[in-house]
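User: Hi! I have a chain open on my screen and would like a hand reading it. Can we walk through it together?

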Amino acid sequence: CGHVPQGDCPNVMKTEEIYVLTADTSYSKFGSVDNRGEAVGDVTILESGMIHVFGSLADGDSYYNYYLGKVFVSKGGKADCDPYIGRQLLDERWVKAKLVKERPEYLLCKGDGRIIFVSTMPSE
């Protein structure tokens, strides 16, 4: 399928049974030395089958951290999987990530051709 940049964090699409993740963060910040800025992402498939996604956005000040899959209990306690990431809202925006903040927010996006509109909304 080739080189398909997804912005500054992995893109998740979810059906009832599967997740599709694309994590190409190249071209996430035009004008920076590498056109990526501070965008760094990690997608890890755990032995339990859970998927852990975390990293920083291109601005270097915003971070995301969430789990996908079924709920499991680890040595450190319970890790809840987020039910909204990868879902499309009625207004056609996609829930792309959960931002780590004092008041957590969801990162939302909607595409129109090659233009991407990004917004946030409270996660509670």
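**A chat about the fold**

Analyst: Happy to! The chain has 10 strands and 0 helices. This is a predicted model, so let's keep the confidence scores in view as well.

User: Good idea. What is the average pLDDT, then?

Analyst: The chain averages a pLDDT of 81, and 80% of the residues score at least 70.

User: Which elements have the lowest and the highest mean pLDDT?

Analyst: The lowest mean pLDDT belongs to strand 6, residues 72–74, at 52. The highest belongs to strand 8, residues 94–99, at 92. As a rule, where pLDDT is low, the predicted coordinates should not be read in detail.

User: Fair enough, let's start with strand 8. How many bridges join strand 8 to strand 9?

Analyst: There are 5 bridges between strand 8 and strand 9 (residues 105–112), and the two strands run antiparallel. They form a hairpin with 5 residues between them. If you want a spot to click on, Leu-99 stands opposite Glu-105 in strand 9.

User: Got it. And what about strand 9 and strand 10?

Analyst: Strand 9 is joined to strand 10, residues 115–122, by 8 bridges, again antiparallel. In strand 10, Ile-115 is the bridge partner of Asp-112. The hairpin of these two strands has 2 residues between them, and there Gly-113 takes a positive phi near 65°.

User: Which residue that is not a glycine has a positive phi?

Analyst: Glu-92 is one to look at: its phi is positive, about 75°, although it is not a glycine. For background, most residues other than glycine have a negative phi. Glu-92 sits in the loop between strand 7 and strand 8. Its relative accessible area is 48%, so Glu-92 is partly exposed.

User: Changing topic: how many aromatic pairs are there?

Analyst: The count comes to 1 aromatic pair. The rings of Tyr-84 and Tyr-106 have centres 5.9 Å apart and planes at 75°, so the pair is edge-to-face. The cut-off behind that label is over 60 degrees between the planes.

User: Where do Tyr-84 and Tyr-106 lie?

Analyst: Tyr-84 is in the loop between strand 7 (77–79) and strand 8, while Tyr-106 is in strand 9, so the pair ties together parts that are 22 residues apart in sequence.

User: Are these two tyrosines buried or exposed?

Analyst: Tyr-106 counts as buried, because its relative accessibility is 6%. Tyr-84 counts as partly exposed, because its relative accessibility is 48%.

User: Let's go to the C-terminal end. Where is Ser-123, and what does Ser-123 touch?

Analyst: Ser-123 is in the segment after strand 10. Leaving out residues up to four places away in sequence, Ser-123 touches Lys-98, Pro-104, Glu-105 and Tyr-106. That Tyr-106 is the one from the aromatic pair. A polar atom of the Ser-123 side chain also lies 3.1 Å from the backbone oxygen of Pro-104. With 18% relative accessibility, Ser-123 counts as buried.

User: Nice. And the other end of the chain?

Analyst: Lys-14 is a good stop there, in strand 1. The C-alpha atoms of Lys-14 and Gly-86 are 4.8 Å apart, although the two residues are 72 apart in sequence. Lys-14 touches Tyr-19, Ile-85, Gly-86 and Arg-87, again not counting residues up to four places away in sequence.

User: Is Lys-14 buried or exposed?

Analyst: Lys-14 is buried, because its relative accessible area is 19% and the cut-off for buried is under 20%.

User: What about Gly-7?

Analyst: Gly-7 is placed in the segment before strand 1 (11–14). At 28% relative accessibility, Gly-7 counts as partly exposed. Its C-alpha atom is 8.6 Å from that of Ala-23, 16 residues away along the chain.

User: Last one, for the whole chain: what share of the residues counts as buried, and what is the accessible surface?

Analyst: Of the 124 residues, 31% count as buried. The accessible surface comes to about 8300 Å², with 53% of that belonging to carbon and sulfur atoms. As for contacts with a separation of 6 or more, residues 24 or more positions apart account for 26% of them.

Key: Residues are numbered from 1 along each chain as its sequence is written. Side-chain values use heavy atoms; hydrogens and water are left out. pLDDT is the predictor's confidence in each residue, from 0 to 100. Helices (H or I, at least four residues) and strands (E, at least two) are DSSP runs, numbered from the N terminus. Two strands pair if DSSP finds at least two bridges between them. Rings of Phe, Tyr and Trp (its six-membered ring) pair if their centres lie within 6.5 Å; planes under 30 degrees apart count as stacked, over 60 as edge-to-face and the rest as tilted. Buried means under 20% relative accessible area, exposed over 50%, partly exposed in between (1.4 Å probe, protein chains only). Contact means heavy atoms within 4.5 Å. Accessible areas come from the Shrake-Rupley method with a 1.4 Å probe; for residues, only the protein chains shown count as cover. A polar contact is a pair of N or O atoms within 3.5 Å; within protein, one must be able to donate a hydrogen and the other to accept it, and residues adjacent in sequence count only if both atoms are side-chain atoms.
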